[in-house]
Amino acid sequence: MKFRLADEREWHLLLHYRENLLGGYTSEADDPQFFLSPIGRTDPQAELEGTIRSLFSGEPVGSSKEPAQCSFIARYHWLKDRLAINEAKLPVTRCERFDLWVHELNAESVTLIFASAFLDNPASMFGHTFLRVDQKGQTEQTRLLAYTINYAAEVPPDEGALYPIKGIFGGFRGYFMTPPYYLKVQEYRDIENRDIWEYRLNFSEHQVRRLLEHVWELGTTYFDYFFFKENCSYHILSLLEYADPTLHLTNQFHVWTVPSDTVRLIATGPQLVSETVFRPSRRTTVRRKWERLSTGERWMMMELASGHPLSTMAESKALSPKQQTFLLDAASDYLRYQSETDRKHAADYKERHRKVLVERSALRIPSDDMKILPFADHPDAGHSTSRASVGGGWRNNDTFEEVTVRAGHHDLLDPEIGYTPNSQLELASVALRHYNRADQFRLERATLANVLSLSPMDALSHAPSWKINVGMQTIRHNACRLCSNGAINGGVGAAVESHWLKREVYFAFAEGEANYSRAYEERHRIGGGGTAGLLADLTDRWKMMATGTYLKYALGEKSDDIRWFVGSRYTLTQNWAMRLEYNHRDHDNDVVLSVQAFF
């Protein structure tokens, strides 16, 4: 080959080749029908030659069983351009199915969509990204009719306990699909109550065409789906790279691909995003409207939601028609929200909603065009998800230096901008210490997973808070001064929110815990108890948390624990913070001051 095309980056992007650690290449595509050479998955040159042979043969190939010019239309156009193929020698084949598909999409531009994190679903804990194909002539009111390009795992409904294991180790197949945007909005915004952010990309018409051609030839091709690396965001980035080969996106992610990190990468790229649009969840809309109501109007809204007509409330006579309109609209949003989140009573909520709509239609006044603001700032303004910290402190009669590294993602004391409020998702964190007087290095803490969701209860929501933590830490217990202790802790509780200072969340959990350590008389103990705490935003940059825990262990070693924690974080910049933490556990006191860098 004169041009060594098989070595060119665009050929590798088309075939999703990645360089092996020990040399050579392997495609991330796992579907044999994606390759036109028996050894094409690991041999770019063989696949190039196989593709050229197929283009000239005209035989149906690929999963669509069409001539190669149509099945692999992006490869065809790239090779035709690079080799200056004479149409007299390779006549152009009309690709009716592709032409109809492109005509239906009527694409003008592409928008990157980010659905915020949803802790109640393991697959959505980090958020989700996909693309929307914006049609020519569309307006904000008709964008819901656009199609999307979504990459997701095909998960059988009966996976059960195997779901996370197969998800982590690539046990599912991932496919590209093109559902209408309104279905995705209904799924994320209305049912799962996740805010949506839209980033309009500065792609030219030529780049949009390249992206669509590549999506078409991927067709029903499958990739092994890995939750942490080759996930929705990773493969969406691979499409953008082929659309604009000057972009180098996927190679920015080596071990895991977190959706919010990919959004940050795109949003901070030079001139990549032309506009950012916020699409609030049903819950955010209801809460923003609730904030605007007076105490009396809130009472009337809940009466409406209970099925009492506004016209029967004497208090409503003092409201202007415009105020009545807003109140009925707020009640309508609330009942739709309840019918999606409380499936057991969905029929009741829908009937009450119908009555509200009947009363609303009688007013014949257009609704206010109220701008709904997010409770969390746009995700690209948030800190990066990995974190390293360096610090020092004092523990009992010794001093120490500490280094901590966390793979991801966010904890309650981290800067909250860009993240779902009151949520914590920590994975794979380790802390190493050197104790000066003892002259000893230790693995001080290790966290496999630490997930916590605080859901403040009020008149609109009674959802419980919950937490689960799996890891180890160093304890002082009985005669052992520095002992490793494995722990599993989980609990369910409640939270309430106030705004006396800036914003405060009070919470309490009933919880159970199991410990394993040589420090205990029978090497283990199992018990239960409770935790109460306060999480407070003191200023935009300054946050503090205080908790107290009592646990009594009835199985294994019979003992109990009283624990106190006070922590304070001050944000320096988007990716830098300082933290001061005090931990008390039995007769063990620990103070650490650290500087944290997010990367």
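This short talk covers the strand barrel of the structure and a nonpolar patch on the surface.

Good morning, colleagues. Please keep in mind that we are looking at a predicted model.

I begin with the barrel. Twelve strands, from β12 through β23 in sequence order, form a closed barrel with antiparallel pairing. From one strand to the next, the twist averages 20°.

Where does strand β12 meet β23? Gly393 stands opposite Val592 in β23. Strand β12, residues 387–395, runs antiparallel to β23, and 9 bridges join the two.

Let me turn to β14, β15 and β16. Strand β14 covers residues 423–435 and pairs over 12 bridges with β15, residues 440–453, in the antiparallel sense. These two strands form a hairpin with 4 residues between them, and Asp439 in the turn has a positive phi of about 50°. Arg445 of β15 stands opposite Ala431, and the bridge partner of Arg445 in β16 is Gln473. Strand β16, residues 465–477, is joined to β15 by 8 bridges, again in the antiparallel sense.

I come now to the surface. A nonpolar patch is formed there by Trp542, Tyr570, Leu572, Trp576, Met578, Leu580, Leu593 and Val595, with about 720 Å² of accessible area together. Strands β21 (559–573), β22 (576–585) and β23 (588–598) each supply at least two residues of this patch. The largest share, 3 residues, comes from β22.

One member deserves a closer look. Leu572, which lies in strand β21, has a relative accessibility of 35% and therefore counts as partly exposed; the range for that class runs between 20% and 50%.

Thank you for your attention.

Notes
Residues are numbered from 1 along each chain as its sequence is written. This is a predicted model: local features need pLDDT of at least 70, side-chain atom pairs count only at pLDDT 80 or more; totals for chains, interfaces and linings use all residues. Side-chain values use heavy atoms; hydrogens and water are left out. Patches are made of residues with over 30% relative accessible area and no salt bridge: like charges are joined within 9 Å, nonpolar side chains (Val, Leu, Ile, Met, Phe, Trp, Tyr) within 5 Å. Accessible areas come from the Shrake-Rupley method with a 1.4 Å probe; for residues, only the protein chains shown count as cover. A salt bridge is a side-chain nitrogen of Lys or Arg within 4 Å of a carboxyl oxygen of Asp or Glu. Buried means under 20% relative accessible area, exposed over 50%, partly exposed in between (1.4 Å probe, protein chains only). Two strands pair if DSSP finds at least two bridges between them. Axes are lines fitted to C-alpha atoms, for helices over the stretch in contact, and angles run from 0 to 180 degrees between N-to-C directions.
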